[in-house]
Amino acid sequence: MILANCLFRSGGCSILLTNKTSLRRQAMLKLKCLVRTHHGGKDESYECCIQREDDQDRIGFHLGKTLPKAATRAFVDNLTQISPKILPVRELLRFAIASFLRRMAKKSGKTGARPVINFKAGVDHFCIHTGGKAVIDGIGQNLNLTEYDLEPARMTLHRFGNTSASSLWYVLGYMEAKKRLKKGDRLFMISFGAGFKCNSCLWEVVRDLGDGNVWDDCVDRYPPKTLENPFLEKYGWINDEDPETFMEKYAHLRD
């Protein structure tokens, strides 16, 4: 389980959901819609991220080379389903026309930039799964997000690491601690998990949020001047070392 220990950190959260109208004034968010995309029926997606035994009968977490492809496929399918539910008609129409014109131009031998749907037309804040820097960068690039949009996810990854499913609520906590969330704002959540699956949902903020949370003791120090790993200069040499060196050096520990 060494890989899992390197990729994940301990964390947790608890969320109370209710449909009681009498508790409306106490609520923070209102769930508008949710889309769950699960590709467990595809062998490539199911086996790219799974717990299994290795050739030495040790249980560990396997991440396959097809993981990026499976994640992209699930992400695209999920966005295809949720976009009509959360975006205004004018943005959907603009994107459809832009896509049609690009296809027609392609038939005549011309090339143009790929049209990108503008999620900001229907979303004010983005709560992104902190699966790693590459995950955050990839989502930001595909949704054409700014550094301001990605800041909560980047700061959460820096401070708390990847705490799996609970990481989204640490990201939400950062937005709340920074007093970004105002009544009427729309918050878009995106997460990934084994299966392979991609889940997303849209929340509406029902009151101005700024209550204390897990960020209280450090939020004033974020964002820091740099996110560079302070240990890279001292230990970065390990990235250039031949793996066989470590196999030979620590062989006696396996015997």
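Strands here are DSSP runs of at least two residues, numbered from the N terminus, and two of them pair if DSSP finds at least two bridges between them. On that basis, E5 and E6 form a hairpin with three residues between the strands. The model is predicted. This briefing covers the sheet that holds the hairpin, the helix lying across that sheet, and a pocket lined in part by both.

**Hairpin of E5 and E6**
- Gly195, in this hairpin, takes a positive phi near 145 degrees.
- E5 and E6 run antiparallel and are joined by eight bridges.
- One of the bridge pairs links Arg186 to Glu204, the latter in E6.

**Sheet order and edges**
- The sheet is open and has four strands in the order E1-E6-E5-E4, with mixed pairing.
- E1 (29-38) and E4 (125-128) are the edge strands; each has a single partner strand, so one side of each is left without a neighbour in the sheet.
- From one strand to the next, the twist averages 15 degrees.

**E5 and its pairing with E4**
- E5 covers residues 186-193 and runs parallel to E4, with four bridges joining the two.
- Phe126 has Phe188 of E5 as its bridge partner.
- Buried means under 20% relative accessible area.
- Seven of the eight residues of E5 are buried, so this strand is largely enclosed by the rest of the structure.

**Helix H7 across the sheet**
- Helix H7 spans residues 167-177 and lies across E1, E4, E5 and E6, the last of these being residues 197-205.
- Relative to E4, H7 runs at about 145 degrees.

**Second largest pocket**
- The second largest pocket has a volume of about 950 Å³.
- Its lining consists of 29 residues, and those closest to the pocket centre are Leu16, Ala27, Met28, Leu29 and Lys30.
- H7 gives the largest share of the lining of this pocket, with five residues.
- E1 and H7 each supply at least two residues of that lining.
- Sorted by class, the lining has 15 nonpolar residues, eight polar and six charged.

Notes: Residues are numbered from 1 along each chain as its sequence is written. This is a predicted model: local features need pLDDT of at least 70, side-chain atom pairs count only at pLDDT 80 or more; totals for chains, interfaces and linings use all residues. Side-chain values use heavy atoms; hydrogens and water are left out. Axes are lines fitted to C-alpha atoms, for helices over the stretch in contact, and angles run from 0 to 180 degrees between N-to-C directions. Contact means heavy atoms within 4.5 Å. On a 1 Å grid over the protein atoms alone, a cavity is a set of points where a 1.4 Å probe fits but cannot get out, and a pocket is an open set with protein on both sides within 12 Å along at least five of seven lines; lining residues have an atom within 4 Å of a point. Grid points are joined across faces, edges and corners, and a volume is the space filled by probe spheres set on the points. Ala, Val, Leu, Ile, Met, Phe, Trp, Tyr, Cys and Pro count as nonpolar, Asp, Glu, Lys and Arg as charged, and the others, Gly among them, as polar. Buried means under 20% relative accessible area, exposed over 50%, partly exposed in between (1.4 Å probe, protein chains only).
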